[in-house]
Amino acid sequence: MNVYDSSRMADVVSPLGFVAVREPDAADMIILNTCHIREKATEKVFSDLGRLREHKERRALEGKQTLIAVAGCAAQAEGDEIMRRASYVDMVFGPQAYHQLPEMIAKAARKVDEKGRGILNVDFPVQSKFDSLPQTTTEQNVSAFLTIQEGCDKFCRFCCVPYTRGAEFSRSIDEVYQEASHLVNKGAKEITLLGQNVNAYHGVSPENASQEWGLGRLMQHLSRIAGLHRIRYMTSHPRDVDQELIRTHAEDPKVMPYIHLPVQSGSDAILKAMNRKHTSDKYRQIIEQFRKARPDIAFSSDFIVGYPGETEADFEDTLRLAADVQFAQAYSFKYSPRPGTPAAALEDQIPEAVKSERLNRLQDLLRQQQNAFNEGTEGTTQTILLEKKGRESGQLVGRTPYLQVVHIQAPESMVGQIIDVKITQSGTNTLHGEVVSA
Ligand code: 5AD
Ligand code: SF4
């Protein structure tokens, strides 16, 4: 979502004459779009800021002004702290305020804020943000992102999202349809619908104002856009999977057979403590239902190890769940206490060494599963969307329906095409293939 937000920020400032540059020294304005999900992400903000200060000072010696902005969820959560520790920062604003960039830039450039200091803007007007964002003017990648939902009401006890992104909010179906059509006109062949809890999506039906459509119906609707070939979505919560969504996977060939469905833990005691509101068996059942509807479907997931109170037996339940499901890919993290979240205040925090040891064991298993999944595609023919040029000459990079990266030899003119490729070789992160038919 930060990638999407960053590109929307670029759309907002482009009428002011800003264009993207590669090096900070060439930039009149630098926006750090930050993440707050784990402590590591937030620490990075302060170390990056230290480096950017040097750019600002060096450019000042040449008589050039450099505006430094901190955006995103770390700005939302730690705005005051950022202003206090880094007084050279000109603007600090949360994920719901970036449509106000033109005003903030004007103010910051003149430093007319009451205190004569940087500008802090951590308000929460989600709808007004979407209402005032301009249409994107830049050519889109073949694969584009589209935020359809923001925020979350689930309050998992480890998670900062309900505090940084705010309450669950869904954009209207018409608005989403229009933006999707526009992205397709700008060159997108694939769209990934984004939201912190994207399958909580609900929009008033354009056919009947007394009905609401969920994510499944929305995708069926978007599927009518002629030049749109692939639809994906992330991230989903097991609790918000409904029959319509499962049916959509069975019936709509544009909806890709690959779902990111975070489970976090395989232990019922930990799931309960986390306030996930589902059991490990419920998760297994949901996976079963999807597989019944669409036998070739594959899954990825998120895991947290070392949640407060997690015992060795709890962790083994997580290993068992992973072994049962067989993920195509997965992310796993050590639990990171986030200020202000309920879990951070719990006393039975798990020692770092135990977290690391568990993370290693889980990641070994998940890597084996990923290798096995990739090996399973060797010798098969996969439909690939060719996304961009590869690093080697004559090479293109594309993706299978399962998001696997595939390298093939093909001319650059084929970027954007969807073609059949025979997979000749697989590794953990990349596949190699040969064009079968163009
Ligand atoms: N510590 C570790 N991982 C976390 N996540 C969210 N909050 C935390 C935390 N406090 C992980 C979850 C989520 C993913 C986006 O980040 O697994 O699904
Ligand atoms: Fe955070 Fe996801 Fe839980 Fe919402 S559902 S609180 S975003 S982990």
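In the predicted model, I31 has A69 of β2 as its bridge partner. This pair belongs to the contact between β1 and strand β2 (residues 67-72), where six bridges join the two strands in parallel. Both strands are part of an open sheet of four strands, ordered β1-β2-β3-β4 and paired in parallel. The edges of this sheet are occupied by β1 (29-34) and β4 (119-121); each has a single partner strand, so one side of each is left without a neighbour in the sheet. On average, and with direction ignored, neighbouring strands of the sheet are turned by 10° against each other. Helix α3 (residues 73-85) lies across β1, β2, β3 (91-93) and β4, and runs at about 135° to β2.

A further open sheet consists of three strands in the order β5-β8-β11, again with parallel pairing. Its edge strands, β5 (143-147) and β11 (230-234), each pair on one side only. Neighbouring strands in this sheet are turned by 25° against each other on average, direction ignored. Strand β8 (residues 190-194) is paired with β11 in the parallel sense through five bridges. Within this pairing, L194 stands opposite M234 of β11.

Ligand 1 is surrounded by I37, R38, F158, Q264, D302, I304, F333, K334, Y335, S336 and R338. Five residues of this shell are nonpolar, two are polar and four are charged. Strands β13 (298-305) and β14 (329-334) each contribute at least two residues to the shell. Polar atoms of the protein approach the ligand at several positions, including a polar side-chain atom of R38, which lies 2.8 Å from an oxygen atom of ligand 1. Backbone atoms are also involved: an N or O atom of the F158 backbone lies 3.0 Å from a nitrogen atom of ligand 1, and a backbone N or O atom of S336 lies 2.7 Å from a nitrogen atom of the ligand. Taken alone, ligand 1 exposes 400 Å², of which the protein buries 87%.

The residues around ligand 2 are C152, K154, F155, C156, F158, C159, V161, P162, H237 and R276. By class, this shell comprises seven nonpolar residues, one polar residue and two charged residues. F158 appears in the shells of both ligand 1 and ligand 2.

Conventions: Residues are numbered from 1 along each chain as its sequence is written. Chains are lettered from A and ligands numbered from 1 in the order in which they are written. This is a predicted model: local features need pLDDT of at least 70, side-chain atom pairs count only at pLDDT 80 or more; totals for chains, interfaces and linings use all residues. Side-chain values use heavy atoms; hydrogens and water are left out. Two strands pair if DSSP finds at least two bridges between them. Axes are lines fitted to C-alpha atoms, for helices over the stretch in contact, and angles run from 0 to 180 degrees between N-to-C directions. Contact means heavy atoms within 4.5 Å. A residue is near a molecule or strand if one of its heavy atoms lies within 4 Å of it. A polar contact is a pair of N or O atoms within 3.5 Å; within protein, one must be able to donate a hydrogen and the other to accept it, and residues adjacent in sequence count only if both atoms are side-chain atoms. Accessible areas come from the Shrake-Rupley method with a 1.4 Å probe; for residues, only the protein chains shown count as cover. Ala, Val, Leu, Ile, Met, Phe, Trp, Tyr, Cys and Pro count as nonpolar, Asp, Glu, Lys and Arg as charged, and the others, Gly among them, as polar.
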